[in-house]
Amino acid sequence: EEIYGNTAIEGTQTVNTTQLNRYATIGIDLSFGHYLLQRERISLALTAGLSQNLHLKTEGKILSSADPDGPLQALEEYKNSYGLGLLGGVDLDYRLTRSLLLSLRPAASYALFSATEETSPLDANFYRFGISLGLKYRL
């Protein structure tokens with residue numbers, strides 16, 4: 001049986017998808033500061049130090065097409081923690097009493113080690129930006 005007029009066509013298909021992932025970390029920050037300004041009630045300091053990540057929790061999935069003919073699949077790529085990071089920021093303190101200060105700290109940190117498994121094709125070193133508001137007690 002012959003079929004006339006049909007031609008086999010090969011093509012590429014593009015699939016656009018959006019995947020939102022969440023990352024939550026628990027860690028300990030150790031920082032040192034140098035005061036740039038000290039007034040009666042207000043002080044300003046530059047801070048730098050180390051951040052030790054204790055736990056990393058991820059939600060979502062990383063999409064991959066290991067099989068070009070197959071559907072996209074979710075891969076388990078992340079470790080439970082990623083270790084040390086560097087941090088830096090600025091401390092703005094307002095003295096409430098002789099020993100109690102209100103502190104505002106915009107800060108940034110960078111993970112020195114990848115958060116993904118060594119077998120992963122991804123290399124995810126996290127940057128973290130944030131603002132902390134808290135109380136400091138001076139002994």
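A search of the whole structure finds one aromatic pair. The rings involved belong to tyrosine 110 and tyrosine 127, whose centres lie 4.8 Å apart with 40 degrees between the planes, an arrangement classed as tilted. Tyrosine 110 is part of strand β6 (residues 100–111) and tyrosine 127 is part of strand β7, so the pair ties together parts of the chain that are 17 residues apart in sequence. The structure discussed here is a predicted model.

The two rings also have computed accessibilities. Tyrosine 110 has 29% relative accessibility and counts as partly exposed. Tyrosine 127, with a relative accessible area of 59%, is exposed, because the limit for that class is over 50%.

**The chain as a whole**

The chain contains seven strands and zero helices. From the N terminus on, its elements therefore read β-β-β-β-β-β-β, each being a strand. Of the 139 residues, 19% are buried. The exposed surface of the chain is about 11,100 Å², and carbon and sulfur atoms supply 54% of it. Among contacts in the chain with a separation of 6 or more, 62% are between residues 24 or more positions apart.

**The sheet**

Five strands form an open sheet in the order β1-β2-β5-β6-β7, and their pairing is antiparallel. Strands β1 (22–38) and β7 (127–137) stand at the edges; each has a single partner strand, so one side of each is left without a neighbour in the sheet. From one strand to the next, the twist averages 25 degrees.

Strand β2 takes part in two pairings described here. A hairpin of three residues joins β1 to β2, and 16 bridges link these antiparallel strands. Strand β2 (residues 42–59) is also joined to strand β5 (residues 83–95) by twelve bridges, again in antiparallel fashion.

Individual residues show how these strands are matched. Glycine 49 of β2 has serine 31 opposite it, while in β5 the bridge partner of glycine 49 is leucine 87. Alanine 48 stands opposite glycine 88 in β5. In a regular strand the side chains alternate between the two faces of the sheet.

The residue pairs named above are collected in the following table.

| Residue | Partner | Relation |
|---|---|---|
| Serine 31 | Glycine 49 | opposite, glycine 49 in β2 |
| Glycine 49 | Leucine 87 | bridge partner, leucine 87 in β5 |
| Alanine 48 | Glycine 88 | opposite, glycine 88 in β5 |
| Tyrosine 110 | Tyrosine 127 | aromatic pair, 4.8 Å, 40 degrees |

Definitions and conventions. Residues are numbered from 1 along each chain as its sequence is written. This is a predicted model: local features need pLDDT of at least 70, side-chain atom pairs count only at pLDDT 80 or more; totals for chains, interfaces and linings use all residues. Side-chain values use heavy atoms; hydrogens and water are left out. Two strands pair if DSSP finds at least two bridges between them. Helices (H or I, at least four residues) and strands (E, at least two) are DSSP runs, numbered from the N terminus. Axes are lines fitted to C-alpha atoms, for helices over the stretch in contact, and angles run from 0 to 180 degrees between N-to-C directions. Rings of Phe, Tyr and Trp (its six-membered ring) pair if their centres lie within 6.5 Å; planes under 30 degrees apart count as stacked, over 60 as edge-to-face and the rest as tilted. Buried means under 20% relative accessible area, exposed over 50%, partly exposed in between (1.4 Å probe, protein chains only). Contact means heavy atoms within 4.5 Å. Accessible areas come from the Shrake-Rupley method with a 1.4 Å probe; for residues, only the protein chains shown count as cover.
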